[in-house]
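Let's take a friendly walk through a protein structure together. Have a look at the sequence and the fold first, and then read on.

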Amino acid sequence: MMVIKNNKMRYLNLYIIILLTVTSGFSQNRKITKTGELTFEASVPAFEEVKATNKSASCILNTQTGEIASLALVKGFRFKVALMEEHFNENYIESNRFPKAIFKGSIIDFDLSTLKNNAPKIYNLTGTLQLHGKIKEINTKIILQKNGEDIQVNCEFTVKPSDFNITIPKVVSKKVAESVMIKVDYVLK
């Protein structure tokens, strides 16, 4: 009985060692964050600012392939005005029905070995943004910079609410920009 128990323990220990080795090998090819900052702005001059920030966006970068994915919970966006936040979640983005914003894409010609400390490098980024039940292709520039072992990610692009079947009522349509600027600021570890 004791021999069987010792063999089971050896197999369990071996399994744990293999699991740790495999997962640590995979993690060397990935950089992630769960505290990325994602901001959107749809302000129009002379009217109240329409801007919100989410400081808990997740992002993962495969450092071998340049594949990148990001997810933000829509209810995580914070506005200066609570009523604006409520309208955003209930009337426009319908965050109960569509709780996530998801980007999946690739950094074209990405090569981790070419990133240098404190030397920003610009790449082309292609992918799709899924929001409010719709998917839109995104093609933009992305700036990457190595800071020690971390990678700083900065990106800006514009979308239109109509791209995602988000209707802005005529009553407030003059107060909301037709194009919404999205800004990404992540530190991947």
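A residue is called buried when its relative accessible area is under 20%, exposed when that area is over 50%, and partly exposed in between. Take K189 as a trial case: its relative accessible area is 58%, so K189 is exposed. Keep in mind throughout that this is a predicted model.

## Strands side by side

A good place to begin is strand β2, which covers residues 51–62 and pairs with strand β1, residues 30–41, in the antiparallel sense. There are 9 bridges between β1 and β2. To find one of them, look for G36, whose bridge partner in β2 is A57.

Strand β2 also runs antiparallel to strand β3, residues 67–73, and 4 bridges join the two. Here I60 stands opposite A69 in β3. The strands β2 and β3 form a hairpin with 4 residues between them. In the turn of this hairpin sits G66, with a positive phi of about 80 degrees.

The short run of residues 78–79 is strand β4, and β4 pairs with β2 over 2 bridges, again in the antiparallel sense. In that pairing, T53 stands opposite R78.

## The nonpolar core

In soluble globular proteins, nonpolar side chains tend to be buried together. In this model the largest nonpolar core has 43 residues. The residues with the most contacts inside this core are I107, I142 and L144.

What is L144 in contact with, leaving aside its neighbours within four places in sequence? Its partners include I107, F110, L115 and Y123, along with I151 and V153. K121 and Q152 are also among the residues that L144 contacts.

## Aromatic rings

Searching the whole structure turns up 6 aromatic pairs. In one pair, the ring centres of F77 and F88 are 6.2 Å apart and their planes are at 70 degrees, so this pair is edge-to-face. F77 lies in the loop between β3 and β4, while F88 lies in helix α2 (residues 82–92), so the pair ties together parts that are 11 residues apart in sequence. Both F77 and F88 are buried. Together with F40 and F79, they form one aromatic cluster.

## A closer look at Y186

Is Y186 buried or exposed? Its relative accessibility is 2%, so Y186 counts as buried. Y186 belongs to strand β9, residues 180–188. Along the chain, Y186 and C59 are 127 residues apart, yet their C-alpha atoms are separated by 7.8 Å.

Setting aside residues up to four places away in sequence, Y186 touches G36 and A57, the two bridge partners from β1 and β2. T33, C59, I151 and V153 are also among the residues that Y186 touches. With S70, the side chain of Y186 makes a polar contact, side chain to side chain, at 2.7 Å.

## Two residues with a positive phi

Most residues other than glycine have a negative phi. D109 has a phi near 55 degrees, which is positive although D109 is not a glycine. D109 lies in the loop between β5 (100–107) and β6 (121–131), and its relative accessibility of 68% means that D109 counts as exposed.

N165 is another non-glycine residue with a positive phi, near 55 degrees. N165 is placed in the loop between β8 (150–159) and β9. Its relative accessibility is 47%, so N165 counts as partly exposed.

## Charged pairs

Side chains of opposite charge can pair when their charged atoms come close. The whole structure holds 5 salt bridges, including those in this table.

| Salt bridge | N to O distance |
|---|---|
| R97 and E94 | 3.1 Å |
| D150 and K189 | 3.2 Å |
| D163 and K136 | 3.9 Å |

The D163 and K136 pair links distant parts of the chain, 27 residues apart: D163 is in the loop between β8 and β9, and K136 is in strand β7 (residues 134–147). D163 counts as partly exposed at 28% relative accessibility, and K136 is partly exposed with a relative accessible area of 26%.

Now back to K189, which forms a salt bridge with D150. D150 lies in strand β8 and K189 in the segment after β9, so this pair ties together parts that are 39 residues apart in sequence.

In the remaining pair of the table, R97 counts as exposed at 60% relative accessibility, whereas E94 counts as partly exposed at 23%.

Conventions
Residues numbered from 1 in each chain as written. Heavy atoms only, no water. Core = buried A, V, L, I, M, F, W, Y, C linked by side-chain atoms within 4.5 Å. Buried < 20%, exposed > 50% of the residue type's maximum accessible area, 1.4 Å probe, protein only. Contact = heavy atoms within 4.5 Å. Pairing = 2+ DSSP bridges. Phe/Tyr/Trp six-rings, centres within 6.5 Å; stacked < 30°, edge-to-face > 60°. Polar contact = N/O pair within 3.5 Å; in protein donor to acceptor, adjacent residues only side chain to side chain. Salt bridge = Lys/Arg side-chain N within 4 Å of Asp/Glu carboxyl O.
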